Amino acid sequence: MSDSFDVIVIGGGPAGYPAAIRAGQNKLSVACIDEWKNHDGTAAFGGTCLNAGCIPSKALLESTELYHRAHEEFAAHGIKATDVTMDVTQLQKRKSGIVKTMTQGILALFKAAGVTALQGHGKLLSGHRVEFVAHDGTRRELTAKNIILASGSAPIELRSAPFQSPQIVDSWGALEFPSVPKRLGVIGAGVIGLELGSVWRRLGSEVVMLEALPDFLAVADQQVSKEALRHFKKLGMDIRLGAKVTGAKVTGDAVDVTYTDAKGEQKLTVDRLVVAIGRRPYTKDLLGPDTGVELDERGMIKVDHECRTGAAGIWAVGDCVRGPMLAHKGKEEGVMVADLIAGNYAEVNYKTVPSVVYTAPEIAWVGLTEEQVKAQGKAYKVGVFPFLASGRARAMEQAQGFAKVIASKDDDEILGVHIIGPMAGELIAEAVLAMEYSASTEDLQRTIHAHPTLSEALHEAALAADKRAIDSINR
């Protein structure tokens with residue numbers, strides 16, 4: 001086996017493995033190193049996303065939403081579903097099967113692209129060298145003309161509530177519960193916390209979410225956030241804002257949590273506590289001395305707009321660099337870098353990276369929020385269309401939420417699109433494509449959308465921006 005390659009990728013998650021595949025497609029010799037190990041000791045490519053994040057969480061969200069709909073919605077369709085129960089063992093078995101299929105698929109993709117798969121730890125050394133230590137302890141020194149760092153991220157541990165499995169867990173641990181906790185505490189009401197809280201609330205857990213910030217889902221457009229909070233409360237989730245956790249102590253099989261809010265010191269006892277306060281770049285033992293690669297104050301690898309580090313031929317992509325920690329952002333960065341290495345044109349448009357919260361209703365957005373546009377002092381217009389006015393949404397018994405389009409008053413260019421409602425994560429793709437081409441609301445207005453479809457909501461929201469909506473009252 002050769003120890004010299006055109007490209008070596010350290011990290012086989014959603015940023016690293018696409019980079020390796022594209023490098024192989026570009027006829028470059030490439031190796032991809034990944035050190036992921038599952039709880040059972042098995043190694044797998046795919047990183048957090050495929051093994052302990054995006055994919056397993058969506059499997060649980062889908063299953064539990066069906067269960068919840070069977071209890072709460074089927075009767076409206078005339079479907080009598082009595083005594084519907086959830087087999088958590090089968091729920092987890094299905095999730096694990098999906099994960100295994102997806103991760104094994106990466107190996108097949110590697111083989112097709114000519115990628116050498118190496119499972120173990122990779123460390124960047126000076127002089128374009130990489131130290132590779134296989135899981136069995138075997139050491140090799142590899143060299144490459146170009147090296148891509150894609151080491152990913154890890155959950156942030158809270159000093160006041162350190163991980164203590166099985167009672168106090170991170171997001172991965174929350175996906176592995178063998179039974180439904182009667183009382184579940186979640187620290188952090190961000191994207192990850194809301195998804196995990198939704199899963200177990202649908203199955204009957206009493207869910208209390210402690211969010212340190214005074215505003216709910218502050219990263220999203222505030223009109224969307226207010227609508228979302230209303231629906232989460234309707235689901236029965238107890239969301240406490242301005243709640244700063246000061247301590248967590250395991251007592252027997254329970255956890256005693258203390259926190260402060262506007263009223264002072266508070267106490268809460270739960271059976272399981274999930275810490276979901278965000279993620280940090282994972283660069284443990286990644287860099288040897290004199291590599292020329294620098295980290296910023298947050299521990300992220302410093303890169304330019306093309307993901308080049310300060311060292312020639314060394315690149316970094318995904319969660320370990322600036323920007324949102326999103327799998328699709330990392331994937332596009334990995335592909336971009338592999339194409340740039342091959343001498344091809346490539347770029348990532350960071351203004352059109354979509355975000356999705358896979359709850360029910362789903363939440364998705366791209367571009368600027370109304371608050372951001374207002375802060376920039378731009379003259380703008382807004383169009384909103386409620387799913388209550390959508391025939392397809394009503395037929396689905398999922399007419400919650402709305403689509404919102406924000407555009408410049410001067411030239412009509414779309415500045416941001418925000419959706420809360422059924423299949424928002426799918427609907428946002430049209431908005432991303434529109435913004436990629438600097439589309440105007442008129443472009444969307446003049447695009448024919450099939451009827452009846454959910455996508456008509458975006459069409460009508462664009463019309464509403466000019467007070468020309470057909471299926472809702474213009475205000």
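In which sense do β11 and strand β12 pair, and over how many bridges? Please keep in mind, as I go through this, that we are looking at a predicted model. The answer is that β11 and β12, the latter made of residues 254-261, pair in the antiparallel sense over 7 bridges. To pick out one position along that pairing, Val245 has Tyr259 in β12 as its bridge partner.

As general background, the strands of a sheet pair through backbone hydrogen bonds, and they can do so either parallel or antiparallel. In our case the sheet is an open one of 3 strands, which follow the order β11-β12-β13 with antiparallel pairing. The edge strands are β11, covering 244-251, and β13, covering 264-270, and each of these pairs on one side only. From one strand to the next, the twist averages 20°.

Let me now turn to the second largest pocket, which holds about 990 Å³ of space. Its lining is made up of 31 residues, and those closest to the centre of the pocket are Glu65, His68, Ala360, Pro361 and Gln400. Where do we find the elements that give two or more residues to this lining? They are α3 at 54-72, α6 at 191-202 and α7 at 222-235, and the largest share, 8 residues, comes from α3.

As for the chemical character of the lining of this second largest pocket, the residues divide into 14 charged, 11 nonpolar and 6 polar.

Technical notes. Residues are numbered from 1 along each chain as its sequence is written. This is a predicted model: local features need pLDDT of at least 70, side-chain atom pairs count only at pLDDT 80 or more; totals for chains, interfaces and linings use all residues. Side-chain values use heavy atoms; hydrogens and water are left out. Two strands pair if DSSP finds at least two bridges between them. Helices (H or I, at least four residues) and strands (E, at least two) are DSSP runs, numbered from the N terminus. Axes are lines fitted to C-alpha atoms, for helices over the stretch in contact, and angles run from 0 to 180 degrees between N-to-C directions. On a 1 Å grid over the protein atoms alone, a cavity is a set of points where a 1.4 Å probe fits but cannot get out, and a pocket is an open set with protein on both sides within 12 Å along at least five of seven lines; lining residues have an atom within 4 Å of a point. Grid points are joined across faces, edges and corners, and a volume is the space filled by probe spheres set on the points. Ala, Val, Leu, Ile, Met, Phe, Trp, Tyr, Cys and Pro count as nonpolar, Asp, Glu, Lys and Arg as charged, and the others, Gly among them, as polar.
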